[in-house]
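Work through these exercises with the structure open beside you. Try each task before reading its solution.

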Amino acid sequence: MGVAFLWAQCYTCGGMMSCNPKRVPSLPDEEGVRQPICQQCIRLANVEREKQGSPMFEIAPDAYEPIDETEL
């Protein structure tokens, strides 16, 4: 049994991150393809959204953790 994770570039800041490919928060790009957002950027976005009274982005507890390979 093994684990897997997505090694990706954050759509917002361009930094590299590892994350759960099924649970990482993401936003659609110009072509509608969902792009992953790093933990720091999504938390900063939620701070701003809270100030504006907008709904916060959901962050799954395992969004930045490996996933069991059987879940892929």
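## Exercise 1: A strand pair

**Task.** Describe how strands β2 and β3 pair, and find the bridge partner of Gln9.

**Solution.**
1. This is a predicted model. Strand β2 covers residues 6–9. It pairs with β3 in the antiparallel sense, over four bridges.
2. Take Gln9 next. Its bridge partner in β3 is Met16.
3. Now look at the connection. β2 and β3 form a hairpin, with six residues between them.
4. Check the backbone in the turn. Gly14 has a positive phi of about 85° there.
5. Finish with the two faces of β3, residues 16–19. Met17 and Cys19 make up the covered face. Met16 and Ser18 lie on the uncovered one. Met16, the bridge partner of Gln9, thus belongs to the uncovered face.

## Exercise 2: The whole chain

**Task.** Set out the order of the elements, then describe the protein's dimensions, burial and contacts.

**Solution.**
1. Count the elements. The protein has one helix and six strands.
2. Read them from the N terminus: β-β-β-β-β-α-β.
3. Box the C-alpha atoms along the principal axes. The box is roughly 45 × 25 × 20 Å.
4. Turn to burial. Of the 72 residues, 26% are buried.
5. Look at the surface. The accessible area is about 5100 Å², and carbon and sulfur atoms hold 51% of it.
6. Consider contacts with a separation of 6 or more. Residues 24 or more positions apart account for 52% of them.
7. Place the charges. There are 6 positive and 11 negative ones, and their mean positions are 6 Å apart.

## Exercise 3: Salt bridges

**Task.** Find how many salt bridges the structure holds, and say which residues form a network.

**Solution.**
1. Search the whole structure. Three salt bridges turn up.
2. Recall the principle. Side chains of opposite charge can pair when their charged atoms come close.
3. Apply the cut-off: a side-chain nitrogen of Lys or Arg within 4 Å of a carboxyl oxygen of Asp or Glu.
4. Start with Arg23 and Asp62. Their side chains meet at 3.0 Å, N to O. This pair links distant parts of the chain, 39 residues apart. Arg23 sits in the loop between β3 and β4 (26–28). Asp62 sits in the loop between α1 (39–52) and β6 (67–68).
5. Move on to Arg23 and Glu71. The closest N and O atoms are 3.8 Å apart, and the pair counts as a salt bridge. Here too, distant parts of the chain are linked: Glu71 is in the segment after β6, 48 residues from Arg23.
6. Join the pairs. Arg23, Asp62 and Glu71 are linked in a network of salt bridges.
7. Check accessibility across the network. Arg23 is partly exposed at 37%. Asp62 is partly exposed at 27%. Glu71 is partly exposed at 35%.

## Exercise 4: A pair within the helix

**Task.** Explain why the positions of Lys51 and Glu48 are about one helical turn apart, and give their accessibility.

**Solution.**
1. Begin with the pair. The side chains of Lys51 and Glu48 meet in a salt bridge at 3.4 Å, N to O.
2. Compare the positions. Both residues are in helix α1, three residues apart, so about one helical turn separates them.
3. Add accessibility. Lys51 is exposed, at 63% relative accessible area. Glu48 is partly exposed, at 40%.

## Exercise 5: Two more positions

**Task.** Decide whether Asn46 is buried or exposed, and ask the same of Ala60.

**Solution.**
1. Locate Asn46. It is in helix α1.
2. Apply the cut-off. Buried means under 20% relative accessible area. Asn46 has 7%, so it counts as buried.
3. List its contacts, leaving out residues up to four places away in sequence. Asn46 touches Met56, Phe57 and Ile59.
4. Locate Ala60. It is in the loop between α1 and β6.
5. Classify it. At 25% relative accessibility, Ala60 is partly exposed.
6. End with a distance. Ala60 and Gly32 are 28 residues apart along the chain, and 22 Å separates their C-alpha atoms.

Notes:
Residues are numbered from 1 along each chain as its sequence is written. This is a predicted model: local features need pLDDT of at least 70, side-chain atom pairs count only at pLDDT 80 or more; totals for chains, interfaces and linings use all residues. Side-chain values use heavy atoms; hydrogens and water are left out. Buried means under 20% relative accessible area, exposed over 50%, partly exposed in between (1.4 Å probe, protein chains only). Contact means heavy atoms within 4.5 Å. Accessible areas come from the Shrake-Rupley method with a 1.4 Å probe; for residues, only the protein chains shown count as cover. Lys and Arg count as positive and Asp and Glu as negative; His and the chain ends are not counted. The place of a charge is taken as NZ of Lys, CZ of Arg, CG of Asp or CD of Glu. Two strands pair if DSSP finds at least two bridges between them.
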